[in-house]
Amino acid sequence: VGIWAGGALAQAWLVPALLLVALLLAEQMLTRAYRVTLARTAPSSVELGRDLSLHYRVSATPARTLQLDLAEVMPESLSGHDWQQDYLLAAAKPLEFSVRRQTLELANLSFDAVKARVLGVFGLAWWPRTLFAPAQVRVMPQSLTQAERRQFTREYGESSQRKSGQGLELLTLRDYQPGDAPRSIDWKASARSLANS
């Protein structure tokens with residue numbers, strides 16, 4: 001408007017522009033003074049097909065209410081997409097949350113950096129941060145739980161049942177006939193008959 005108006009107002013836009021730049025520089029310095037730390041808790045191993053739960057804990061010093069935008073690129077061997085979420089870090093207590101993904105293939109998973117943006121103290125801009133919280137998780141072959149093992153053996157025959165067969169009756173013994181299955185031969189009785197003859 002100052003440029004269009006001409007005259008003394010032609011350079012008037014410099015005043016708010018310089019003020020904005022000064023506020024941005026001050027906000028950057030003040031926001032950088034806050035140390036944001038991230039801690040990640042993850043199991044050392046997880047079975048294939050099971051859920052992997054990653055627990056995060058974010059804190060800031062000195063304590064102050066901060067608005068954060070966190071994002072992380074997840075490994076391709078996990079289900080779902082990369083996660084991104086806005087959080088409000090209260091001054092009184094650290095921020096804690098969990099991210100859960102299902103394992104899709106055997107792998108050695110490596111987690112390192114979480115990208116973050118912190119809203120400046122004046123609310124003028126978002127200031128980027130990189131929060132490091134390394135973790136290693138090994139995806140192991142799946143093993144059956146006790147309940148699943150019982151179900152598996154029950155479904156696939158590890159149980160007693162009545163079954164028709166030749167039994168131990170002497171009346172069922174007879175001489176070998178061509179075509180008899182080898183498992184139906186009473187080898188001990190055959191050996192005794194040969195020893196007596």
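These are legends for a set of close-up views of one protein, and the model they show is predicted.

**View 1. The whole protein, before we zoom in.**
The protein has four helices and eight strands. Read from the N terminus on, the elements go α-α-β-β-β-β-β-β-β-β-α-α, with the strands in one run and helices on either side of it. There are 197 residues in the protein, and 23% of them count as buried. Now take the contacts between residues with a separation of 6 or more: residues 24 or more positions apart account for 65% of these. Keep that in mind for the views that follow, where several pairs come from distant parts of the chain.

**View 2. The largest nonpolar core, with 30 residues.**
Which residues have the most contacts inside this core? They are Leu-52, Tyr-56, Val-58, Leu-70, Trp-83, Phe-97 and Phe-111. Plenty of strands chip in: β1 (35-41), β3, β4, β5 (83-89), β6, β7 and β8 (126-140) each give two or more residues. There is a general habit behind pictures like this one. In soluble globular proteins, nonpolar side chains tend to be buried together.

**View 3. Two stacked rings, Tyr-56 and Phe-97.**
A pair of aromatic rings is described by the distance of the centres and the angle of the planes. The count of aromatic pairs in this model comes to four. For Tyr-56 and Phe-97, the ring centres are 5.1 Å apart and the planes sit at 10 degrees, so this pair is stacked. The two rings come from distant parts of the chain: Tyr-56 is in strand β3 (residues 51-61) and Phe-97 is in strand β6 (residues 95-102), 41 residues apart. Are these rings buried or exposed? Tyr-56 is buried, because its relative accessible area is 0% and buried means under 20%. Phe-97 is buried too, with 9%.

**View 4. The ring cluster and the company Phe-97 keeps.**
Step back a little from the stacked pair, and you find Tyr-56, Trp-83, Tyr-87 and Phe-97 linked into a cluster by ring pairs. Leaving aside residues up to four places away in sequence, Phe-97 touches Leu-54, His-55, Tyr-56, Val-58, Leu-70, Trp-83 and Tyr-87. So the list of neighbours of Phe-97 includes Tyr-56, Trp-83 and Tyr-87, the other members of the cluster.

**View 5. Glu-72, a buried acidic residue beside Tyr-56.** Glu-72 belongs to strand β4. What is its relative accessible area? The value is 4%, so Glu-72 counts as buried. The side chains of Glu-72 and Tyr-56 are joined by a polar contact of 2.6 Å. Not counting residues up to four places away in sequence, Glu-72 touches Arg-40, Tyr-56, Asp-82, Trp-83, Phe-111, Ala-113 and Val-114. Among them, Tyr-56, Trp-83 and Phe-111 also show up in the list of core residues with the most contacts.

**View 6. A salt bridge between Glu-96 and Arg-57.**
The count of salt bridges comes to four, and this view shows one of them. The side chains of Glu-96 and Arg-57 meet at 3.4 Å, N to O. Glu-96 sits in strand β6 and Arg-57 in strand β3, so the pair ties together parts 39 residues apart in sequence. Both ends are partly exposed, with relative accessibility at 46% for Glu-96 and at 39% for Arg-57.

**View 7. A salt bridge between Arg-50 and Glu-47.**
Here the closest N and O atoms are 3.2 Å apart. Arg-50 is partly exposed, with a relative accessible area of 26%. Glu-47 is partly exposed as well, at 22%.

**View 8. Arg-117, with a salt bridge to Asp-69 and a place over the face of Trp-126.**
Arg-117 lies in strand β7 (residues 108-119). In its salt bridge with Asp-69, the closest N and O atoms are 2.9 Å apart. This pair links distant parts of the chain, with Asp-69 in strand β4 (residues 66-72) and Arg-117 in strand β7, 48 residues apart. Which partner is buried and which is partly exposed? Asp-69 is buried, at 5% relative accessibility, whereas Arg-117 is partly exposed, at 37%. Arg-117 also lies over the face of Trp-126, at 4.7 Å from the ring centre. Its contacts, not counting residues up to four places away in sequence, are Gln-67, Leu-68, Asp-69, Trp-126, Trp-127 and Pro-128. One more pair to look for is Arg-117 and Arg-129: they are twelve residues apart in sequence and 5.7 Å apart in space, C-alpha to C-alpha.

Note on methods. Residues numbered from 1 in each chain as written. Predicted model: local features only at pLDDT ≥ 70, side-chain atom pairs only at ≥ 80, totals over all residues. Heavy atoms only, no water. Phe/Tyr/Trp six-rings, centres within 6.5 Å; stacked < 30°, edge-to-face > 60°. Buried < 20%, exposed > 50% of the residue type's maximum accessible area, 1.4 Å probe, protein only. Lys NZ or Arg CZ within 6 Å of the ring centre and 35° of its normal. Contact = heavy atoms within 4.5 Å. Core = buried A, V, L, I, M, F, W, Y, C linked by side-chain atoms within 4.5 Å. Polar contact = N/O pair within 3.5 Å; in protein donor to acceptor, adjacent residues only side chain to side chain.
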